[in-house]
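The following exercises ask the reader to work from a sequence and a model to a description of a fold. Each task is followed by a solution in steps.

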Amino acid sequence: MPPATRGSPDAYDREVLDMPAILERLTEVCQRPRYSFMVLNLIAQASDRNGSAGPYIREGDRRIPVRDWLCDALMPVAQRDPRRLAIADRVRRELAERNAMPADAREAESLVEAQVAKRIRLSGRTNVSRAVSELVRAGLVRRHYQGYRVDHPNRGAQRQAVYIVNEAARRVLRRA
């Protein structure tokens, strides 16, 4: 059944899926199916028994917004990415131009890494949102927002995303 004809969100929960069906659907709907699969799998791991992940994920004594948690979890994928190396070079140049580069090599590298991580998280949030939108179109995830001014027309009104993996996909991912 193509995603557009499946019907209500409840119909997605009742359908029978297996791993090849999930992968096929992701390939049909997503521009980056592997990345979307990683996001789906992480959301499923972070979800409660109802499939809901967010608005915050508890990590030790900290509560992290689900999108930031997903970005951090996916950051190792970007470690050897040439774009990450280019960002690090750009950060070094910018710090040197502003005479803000510490003299101590370890301190300088720590500052560069912190700036690179911050920039990657910002772009990662966009990538995660795009992947979740594709997962929603594929019928594997539902999304809503919680927080201050929930009914405000501006989605950025201090609200955090909540992602819910449908039951059929959750069953498959639990078995895998």
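**Exercise 1: Helix α5**

On the other side of α5 from its buried residues, Pro-82, Arg-83, Leu-85 and Glu-97 are exposed, where exposed means over 50% relative accessible area, buried under 20%, and partly exposed in between (1.4 Å probe, protein chains only). The model is a predicted one, in which local features need pLDDT of at least 70 and side-chain atom pairs count only at pLDDT 80 or more, while totals for chains, interfaces and linings use all residues. Residues are numbered from 1 along each chain as its sequence is written, and side-chain values use heavy atoms, with hydrogens and water left out.

Task: determine which residues of α5 are buried, and why they line one face of the helix.

Solution.
1. Helices (H or I, at least four residues) and strands (E, at least two) are DSSP runs, numbered from the N terminus. Helix α5 covers residues 82–97.
2. The expected span of a helix is 1.5 Å times one less than its number of residues. For the 16 residues of α5 this gives 22 Å, and the end C-alpha atoms lie 23 Å apart, which agrees.
3. The buried residues of α5 are Arg-84, Ile-87, Ala-88, Val-91 and Leu-95.
4. Viewed down the helix axis, the buried residues of α5 fall within an arc of 100°, so they line one face; the arc is that of the directions from the helix axis to the C-beta atoms.
5. These buried residues pack against α6. Just after α5, Asn-99 adopts a positive phi of about 55°.

**Exercise 2: Helix α6**

Task: state against which elements the buried residues of α6 pack.

Solution.
1. With 33 residues at 1.5 Å each, α6 should span 48 Å; its end C-alpha atoms are 47 Å apart, which agrees.
2. The buried residues of α6 include Ala-108, Val-116, Gly-124, Val-132 and Leu-135.
3. Their packing partners are α2, α3, α4, α5, β4 and β5.
4. Just after α6, Gly-139 has a positive phi of about 80°.

**Exercise 3: Strand pairing**

Task: give the strand order of the open sheet, and describe how β2 and β3 pair.

Solution.
1. Two strands pair if DSSP finds at least two bridges between them. The open sheet has three strands in the order β1-β5-β4, with antiparallel pairing.
2. Its edge strands are β1 (52–53) and β4 (141–147), each of which pairs on one side only.
3. Seven bridges join β4 and β5 in the antiparallel sense, and Arg-142 stands opposite Ile-164 in β5.
4. Helix α3 packs on this sheet, touching β1, β4 and β5, and its direction makes about 95° with that of β5. Axes here are lines fitted to C-alpha atoms, for helices over the stretch in contact, and angles run from 0 to 180 degrees between N-to-C directions.
5. Strands β2 (residues 56–59) and β3 (residues 62–65) pair in the antiparallel sense over four bridges. The bridge partner of Tyr-56 is Pro-65 in β3.
6. β2 and β3 form a hairpin with two residues between them, and Gly-60 in the turn has a positive phi of about 65°.

**Exercise 4: Val-162**

Task: decide whether Val-162 is buried or exposed, and find which residues it touches.

Solution.
1. Val-162 is located in strand β5.
2. Its relative accessibility is 1%, so Val-162 counts as buried.
3. Contact means heavy atoms within 4.5 Å. Not counting residues up to four places away in sequence, Val-162 touches Ser-52, Ala-53, Gly-54, Pro-55, Arg-142, Arg-143, His-144 and Gln-146.
4. Val-162 and Ser-52 are 110 residues apart in sequence, yet 6.8 Å apart in space, C-alpha to C-alpha.

**Exercise 5: The nonpolar cores**

Task: identify which residues have the most contacts inside the largest nonpolar core, and which element gives the largest share of this core.

Solution.
1. A nonpolar core is a set of buried Ala, Val, Leu, Ile, Met, Phe, Trp, Tyr and Cys residues joined through side-chain atoms within 4.5 Å.
2. The largest such core has 33 residues, and Leu-140 and Tyr-163 have the most contacts inside it.
3. Two or more residues each come from α2 (19–29), α3 (33–46), α4 (66–74), α6 (105–137), β5 (159–165) and α7 (167–175). The largest share, six residues, is that of α3.
4. Another core, of eight residues, lies apart from it and includes Met-75, Val-91, Val-116 and Ile-120.
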